[in-house]
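Grab a pencil and open your viewer. Here are a few short exercises, each with a solution worked through step by step.

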Amino acid sequence: MHNSLWSLFAVLGAVMGFLMGYATAPMIESGLMSGQGGKAPTQIETRKAIEQYYKDLYKEE
Amino acid sequence: MSAAAEAAAIDPGHKRWALGIVTALILISAGTYAYHEYYLYLSVYLWFGFIYGMCLQYGRFCFSSAFRDLFAVGVPRMAVGIMIAIALFGLVGAFVSATGLSTFHAAPTSVHAVIAGFIFGVGMCFSGGCASGSMYKTGEGNMNALLVVLSISVTQAIFVDVGGWTNALVPASWTQSALGKGLPASITVTDGWVDQYLAGYVWDQPVMSFATLFGWTDKSVLGAFVGNLLVGVALPGAALLAVVYAFWSRRGFMRKRVAAGAARSGWRDELAGYWAMIVASKRTAIAGLALGIAAGLHMYATQGLRVKFGVRNAGPLLERMGSDFGLSVNGTVFDPGYWYVTTQEAQWVGWVMHKLGWNQLDNIYFGFNNGIPNPLINPADWMSIALFFGAAVMALLHREFKFKTPTLETATWAIIGGALMGIGSRLGLGCNVGAFFVRVSQGDPSGWLFGAGMVGGAYLGVKFFNWWTERRMARQFA
């Protein structure tokens, strides 16, 4: 059982390492982790068409 | 038994299943990433969900079992373990908050959280598993727990959209306040009890954290560590553990001390007893620490990918991938960035109901806040499905996986209890995880209110169940 668990932990470690590395690069590039005062995006992007879709829903009623 | 002998003791079939599950998840992650980079955002949920499932199964992390053990047979071990897990999660959360990477948002604080917690507490004792406990038990092959999960899911989806005669139960002040919120026209805010409850009452309640109560921000070191962790988690947690020690653990410990020849109990003995109670819950505490670290890393990874893709929510990502159905009116979907249970369960059913013709996008819960995206590309759904698999793999490797089918009686209680938990979850804006475990550990006072109600409800639920069982046995042997 221990061998199986350690194998599982190794797989998880590899996957986590990839994901964390992938997430860290943009943090550094944007200055969030370098102390350069970077900012995360503040606007949630929405498509105008979606807003219109909901307005149209109301009109149909 | 040596490690080699233990390894040999695993059923080869179980081992193959565990390997197959992990391989399938790797292939899903790799395949979807090859198809489009944005799927990595969903893979973050998938792999953290898998880890949450492993932790839950390893720690037997079930609030229902914890309260049943405490109130029915006087064994505090799991309740203590959960409290320690909250403190350890709080420690990790404080680090994440202080670095400004937390995705946590505090909830409105008022008496509604106590009432919601009470209903949830009764429900989890009726069903025999809380929201998180039922998920890991499903992963262990317990089909009764799956019924609980289904009951929670269906009840939530129905409850958030029920209007009609329930509108007559809404106080006029809630309706007026809800109308004043200026919600988009597609949200029928005056039709639906929950809509008016949310927009007319809950949203008017104060949102705070222990840090902000002291005038600090959650992102400051003082706010995160002193306000939210020390004052919000550690001190009340230690006080609660002292109560548990005094009522359920002290007598047994002192009896052993006297039997071992100690003359009388002093404060050193009391401290030793307190500590012994804490370390007796090692397995749950280890699971709690792992959960805390995983949740912290989960927040970090989610934030990193949000920065990379230039979004603050998964909604725009789904839209860019060509799947704009089911987004909320704000263009968002449920995307907490940390461990959560009930909302994605409601979304599964909400999506199905909407497809069958029941408009679920005209209510606040789905239409304005969380959306009902296709379950195949719903980020939080990836977390929940992977949670089942994580628990299953852990159970398979620990020889604890076994298919169990419900009886008519246990199925009935599962459905009733699950329904109560579904209602409690929506009233409290979360379950034992989202409304209690996460909120308390992040310094949100509303988490303690939900917890107080949940303890009360669990006490009533346990007492009722004892009475029910005794009555049934008396009839059988009469």
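**Exercise 1.** Decide how Arg60(B) counts: buried, exposed or partly exposed?

*Solution.* Keep in mind that this is a predicted model.
- Start with the location: Arg60(B) sits in the loop that links helix H3 (39-59) to helix H4 (63-73) of chain B.
- Next, count neighbours: there are 18 C-beta neighbours inside 10 Å of Arg60(B).
- Now the cut-offs: 20 or more would make a residue buried, and 12 or fewer exposed.
- So Arg60(B) counts as partly exposed.
- While you're there, check the backbone: phi of Arg60(B) is near 50 degrees, a positive value in a residue other than glycine. Most residues other than glycine have a negative phi.

**Exercise 2.** Do the same job for Arg399(B): which loop holds this residue, and how does Arg399(B) count by its C-beta neighbours?

*Solution.*
- The loop is the one between helix H18 (379-397) and helix H19 (408-428) of chain B.
- Arg399(B) has 13 C-beta neighbours inside 10 Å, so this residue counts as partly exposed.
- Phi is positive here too, near 55 degrees for Arg399(B).

**Exercise 3.** Place Leu289(B): which helix is it in, and how far in space is it from Ile84(B)?

*Solution.*
- Leu289(B) belongs to helix H14 of chain B.
- In sequence, Leu289(B) and Ile84(B) are 205 residues apart, yet C-alpha to C-alpha they are 8.5 Å apart in space.
- As for burial, Leu289(B) has 19 other C-beta atoms within 10 Å and is partly exposed.

**Exercise 4.** Work out how H8(B) and H16(B) are oriented to each other.

*Solution.*
- Find the pair in chain B: H8 covers residues 143-159 and H16 covers residues 342-355.
- Their axes are 8 Å apart, and the packing angle is about 65 degrees.
- Angles of 65 to 115 degrees count as roughly perpendicular, and H8(B) and H16(B) are therefore roughly perpendicular to each other.
- Handedness: this crossing of H8(B) and H16(B) is right-handed.
- Who touches whom? On the H8(B) side, the contact residues include Val149(B), Ile152(B) and Ala157(B); on the H16(B) side, they include Trp348(B), Val349(B) and Met353(B).
- Sorted by class, the contact has eight nonpolar, four polar and one charged residues.

**Exercise 5.** Now cross a chain boundary: how do H1(A) and H14(B) lie relative to each other?

*Solution.*
- H1 spans residues 2-29 of chain A, and H14 spans residues 282-309 of chain B.
- The two axes come within 8 Å and cross at roughly 50 degrees, so H1(A) and H14(B) are oblique to each other.
- H1(A) makes a left-handed crossing with H14(B).
- Among the residues that meet are Leu19(A), Met20(A) and Pro26(A) from H1(A), and Leu297(B), Tyr300(B) and Lys308(B) from H14(B).
- The class tally for H1(A) with H14(B) is 10 nonpolar, two polar and one charged residues.

**Exercise 6.** Zoom out to chain B: how many helices and strands are there, and how does its radius of gyration sit against the globule rule?

*Solution.*
- The tally for chain B is 21 helices and zero strands.
- Its radius of gyration is 23 Å, close to the 23 Å from the globule rule for 478 residues, so chain B is as compact as a globular protein of that length.
- The C-alpha trace of chain B spans about 75 × 60 × 55 Å along its principal axes.
- For burial, 57% of the 478 residues of chain B count as buried.
- Last, take the contacts in chain B between residues at least 6 apart in sequence: 79% of these join residues at least 24 apart.

Conventions:
Residues numbered from 1 in each chain as written. Chains lettered and ligands numbered in written order. Predicted model: local features only at pLDDT ≥ 70, side-chain atom pairs only at ≥ 80, totals over all residues. Axes fitted to C-alpha atoms, helices over the stretch in contact; angles between N-to-C directions. Helix = DSSP H or I, 4+ residues; strand = E, 2+ residues; numbered from the N terminus. Parallel < 35°, antiparallel > 145°, perpendicular 65-115°, else oblique. Left-handed = near helix turned anticlockwise from the far one by under 90°. Contact = placed C-beta atoms within 7 Å. Nonpolar A, V, L, I, M, F, W, Y, C, P; charged D, E, K, R; others polar. Rg over C-alpha atoms; globule rule 2.2 N^0.38 Å.
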